[in-house]
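Me: I have a structure to look at, and I would like to understand the words used for it. Could you take me through the reasoning?

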Amino acid sequence: MDRTLESLQLVIARVLPHRDPALVFKDLNVVAILQEFWESKQKKKAVLPSEGIIVYESLSSLGPPFVSYVTLPGGSCFGNFQSCLSRAEARRDAAKVALINSLFNELPCRRITKEFIMESVQEAVSSTSGNLKDADDPSTSIGAYHYMLESNIGKTMLEFQELMIVFQLLHWNGSLKALRETKCSRQCSLDEKMRSHMALDWIMKEQESPGIISQELQVALRELEEVRKAGHELRFYKEKKEILSLALSQIYSDEVTTSSWDNQMSLALHGYR
């Protein structure tokens, strides 16, 4: 633990030289510190200002406990894990979780290595009852996962996690095979168009199995709550919730006419092109 703390303090000294490493996590203005940290990183990468934006989101609530999310540049998302009595407190707590994870992400042990790839592929094979031989076949899920790992050697865990979000969502959504057939599974990015396509897929599933969206949404909400309280990265679970909520809103919206319904189904049937 002492070595980890020392390593984190070295990261703080390197990225935020004007800050006292011993006081960073005690500073009530952790929101500003998180912003400084990412602005410093973005300047070194010379990225566009719009790519370095940190976004905060507070869930609507009539009273405590309040929940706040913070999305970092690149898409990683964290939330407050403590029970907060105000929105400001929830925002600070979410920023603190995000800052701790951001600092950990700078440590050498958080880089993708050959050893990490071997362990991850073996773990994936065990959890899916797959075959280790599939790792050499990009047309399989294990093979695609192996390819993505190999393509990102040297990157940090958060950077890799951001790339994996699409892969995870497509696997959950049951669209991985269809996307692979279009030969664009490694180029697709998670945007409003892809979210809409996934929502339409769930609308089609609802027609076949009424109630499935509500059931899946309950699972997603429970998972989101658990990972938030554990202080883990939660974008995958948050995206699931938003896609399912979008599907429900489209089903029950009074603005959806029969004609627009047919058009939406036609888009879904044509896949992710």
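Here are some questions and replies about this structure.

Me: What kind of model is this, and what is the order of its elements from the N terminus on?

Reply: Good place to begin! This is a predicted model. The chain has 11 helices and 3 strands, and from the N terminus on they run α-α-β-β-β-α-α-α-α-α-α-α-α-α. Of its 273 residues, 41% count as buried.

Me: What makes strands β1 and β2 a pair?

Reply: Two strands pair if there are at least two bridges between them. Strand β1 (residues 55-58) and strand β2 (residues 68-71) are joined by 4 bridges and run antiparallel, so they pair by that rule. As a landmark, look for Glu 57, which stands opposite Tyr 69 in β2.

Me: How do you know that β2 and β3 pair as well?

Reply: The cut-off is again at least two bridges. Between β2 and strand β3 (residues 77-79) there are 3 bridges, in the antiparallel sense, so these strands pair too. Here Val 70 stands opposite Phe 78 in β3. The hairpin of β2 and β3 has 5 residues between the strands, and in it Gly 74 takes a positive phi near 105 degrees.

Me: Why are Tyr 145 and Phe 160 called a tilted pair?

Reply: Let's check the distance and then the angle. Ring centres must lie within 6.5 Å, and for Tyr 145 and Phe 160 the value is 6.5 Å. Planes under 30 degrees apart would be stacked and over 60 edge-to-face; 45 degrees is neither, so the pair is tilted. Tyr 145 lies in helix α5 (residues 141-151) and Phe 160 in helix α6 (residues 157-173), so the pair ties together parts that are 15 residues apart in sequence. Both Tyr 145 and Phe 160 are buried.

Me: Why is the pair of Phe 236 and Tyr 237 called edge-to-face?

Reply: The ring centres of Phe 236 and Tyr 237 are 5.2 Å apart, and their planes stand at 65 degrees. Over 60 counts as edge-to-face, so that is the word for this pair.

Me: Why is Phe 236 called buried, and why is Tyr 237 called partly exposed?

Reply: Buried means under 20% relative accessible area, and Phe 236 has 14%, so Phe 236 is buried. Partly exposed falls between that cut-off and 50%; Tyr 237 has 24%, so it is partly exposed.

Me: How do you know that the charged end of Lys 205 is within the distance limit for the ring of Trp 202?

Reply: The limit is 6 Å from the ring centre. The charged end of Lys 205 sits over the ring of Trp 202, 3.8 Å from its centre, so the distance satisfies the limit. Arg 91 also lies over a ring face, that of Tyr 56, at 4.0 Å from the ring centre.

Me: What makes Asn 152 buried?

Reply: Asn 152 is found in the loop between α5 and α6. Its relative accessible area is 5%, which is under 20%, so Asn 152 counts as buried. Leaving aside neighbours within four places in sequence, Asn 152 is in contact with Ile 112, Phe 160 and Leu 163.

Me: And why is Asp 191 called partly exposed?

Reply: Asp 191 is in the loop between α7 (176-181) and α8 (192-208). Its relative accessibility is 33%, between 20% and 50%, so partly exposed is the right term. A polar atom of the Asp 191 side chain lies 2.9 Å from the backbone nitrogen of Met 194.

Definitions and conventions. Residues numbered from 1 in each chain as written. Predicted model: local features only at pLDDT ≥ 70, side-chain atom pairs only at ≥ 80, totals over all residues. Heavy atoms only, no water. Phe/Tyr/Trp six-rings, centres within 6.5 Å; stacked < 30°, edge-to-face > 60°. Helix = DSSP H or I, 4+ residues; strand = E, 2+ residues; numbered from the N terminus. Buried < 20%, exposed > 50% of the residue type's maximum accessible area, 1.4 Å probe, protein only. Lys NZ or Arg CZ within 6 Å of the ring centre and 35° of its normal. Contact = heavy atoms within 4.5 Å. Polar contact = N/O pair within 3.5 Å; in protein donor to acceptor, adjacent residues only side chain to side chain.
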